[in-house]
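This briefing covers one sheet and one helix that lies against it. Please look over the sequence and the model before reading on.

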Amino acid sequence: MKFALELFGGLMIMASLLTLVKSTYWWIRVLDFPRVQVALFCTLVLGAYGYFYGYETTAAKLFGGLLIIAIVNELIHVYKYTPFVRVQALRSKIKVPKNSFGFMISNVRMTNKKHERFLKLVKETDPDMLLVNEPNQRWATAMEELDERYPYSIKRPLENTYGMMFFSKFPLSHVDVRYLVEEGIPSFYALVELPTGKKFDLFTVHPQPPHLNKDTDTREAELLTVAKMAKASPWASIVAGDLNDVAWSYSTNLFRKISGLLDPRIGRGFYNTYNALIPFFRYSLDHIFYDPAFRLIRLQRLPKFGSDHFPIFIRLNYEPLEADDHDVPVADHEDHEEAAELIENVKDIVPPTSPVNDIVDSSKQ
């Protein structure tokens, strides 16, 4: 048992410390995900080893010290997503907000056939905007009835699990379907107009996750490219989608600093959306980041409906006069250099693709 504890503890220590390496190798970046689980396993090993064998010898003390370092390293990254930290995104104080809207984000899982359960959830939640990740043509056909509820939409169903569809009750303009980094991996852009005439721009993304023989260089490049676009935009911006990255990772933190957008999870909780099928291994993969010009009204993880992702719902209000009250993330010179390098590295290996304008919104104009 002693050897088993030392072996398992050693693996957990390595899993924690490898995340300190700034690399896009998939086998390193995938370790960003289970920080809570690694911290828990290290704590259990620390307690069990001390109870059964003690920390009297130098080797045992070194082992215990490394376990504590690993635990601290994991907790440093996730503590911001607990109620013990001041929230970054402030709540609206307006009792009757005139520029509010609900936004639902859901990865439906392409192979999931429970279309009716999803449609029922959409109707019950009644968001003003709906982003769907992973729809194929079968899903697109099943969701045709939503066209009556949402007169404006952008649709790009695909059979490669990277299809995307966006539905809106509000008018859309300057619609663009883009392939920023990889062929077959679309992202959307649209300028959204609220009923009061106020406008903001929306970027939706779904980059590839780290997996065997797939490093995260393209994921980082796509997210940072969008971050730069959002920062440069004259409009208040929202970036939403299945980022295939956790809220507490270094790359997501770099994205927030480059874009200057807020994360409503900070100070509130994990709001884990994946994996809906495995309770112990759940991570925050579906995100919505937004400009300080918005104030939060409600953030909620919705019930599962058959996908391996939970949907997430947010209600915001556009309050640009209150933007300065937020603690906005700011990038320094080193952050900008790193972002530029990550983007350039991908440009060197991936042929550039031009924005695609063949799909405009299906608005009733």
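Strands are DSSP runs of E at least two residues long, numbered from the N terminus, and two strands pair if DSSP finds at least two bridges between them. The model is predicted. It contains an open sheet of six strands with mixed pairing, and helix 5 lies across three strands, namely strand 1, strand 2 and strand 11.

**Sheet**
- The six strands follow the order 3-4-2-1-11-10.
- Strand 3 (152-156) and strand 10 (294-301) are the edge strands, each pairing on one side only.
- On average, neighbouring strands of this sheet are turned by 15° against each other, direction ignored.

**Strands 3 and 4**
- Strand 3 and strand 4 (residues 164-168) run antiparallel and are joined by five bridges.
- Opposite Arg156 stands Met164, a residue of strand 4.
- In general, strands of a sheet pair through backbone hydrogen bonds, parallel or antiparallel.

**Helix 5**
- Helix 5 spans residues 115-125.
- The strands it lies across are strand 1 (100-107), strand 2 (129-133) and strand 11 (312-318).
- Helix 5 runs at about 165° to strand 1.

**Leu121**
- Leu121 is found in helix 5.
- Leu121 counts as buried because its relative accessibility is 8%, and buried means under 20%.
- Leaving aside neighbours within four places in sequence, Leu121 is in contact with Met104, Leu302, Pro303, Phe305 and Pro311.
- Leu121 and Phe41 are 80 residues apart along the chain, and their C-alpha atoms are separated by 36 Å.

Methods:
Residues are numbered from 1 along each chain as its sequence is written. This is a predicted model: local features need pLDDT of at least 70, side-chain atom pairs count only at pLDDT 80 or more; totals for chains, interfaces and linings use all residues. Side-chain values use heavy atoms; hydrogens and water are left out. Helices (H or I, at least four residues) and strands (E, at least two) are DSSP runs, numbered from the N terminus. Axes are lines fitted to C-alpha atoms, for helices over the stretch in contact, and angles run from 0 to 180 degrees between N-to-C directions. Contact means heavy atoms within 4.5 Å. Buried means under 20% relative accessible area, exposed over 50%, partly exposed in between (1.4 Å probe, protein chains only).
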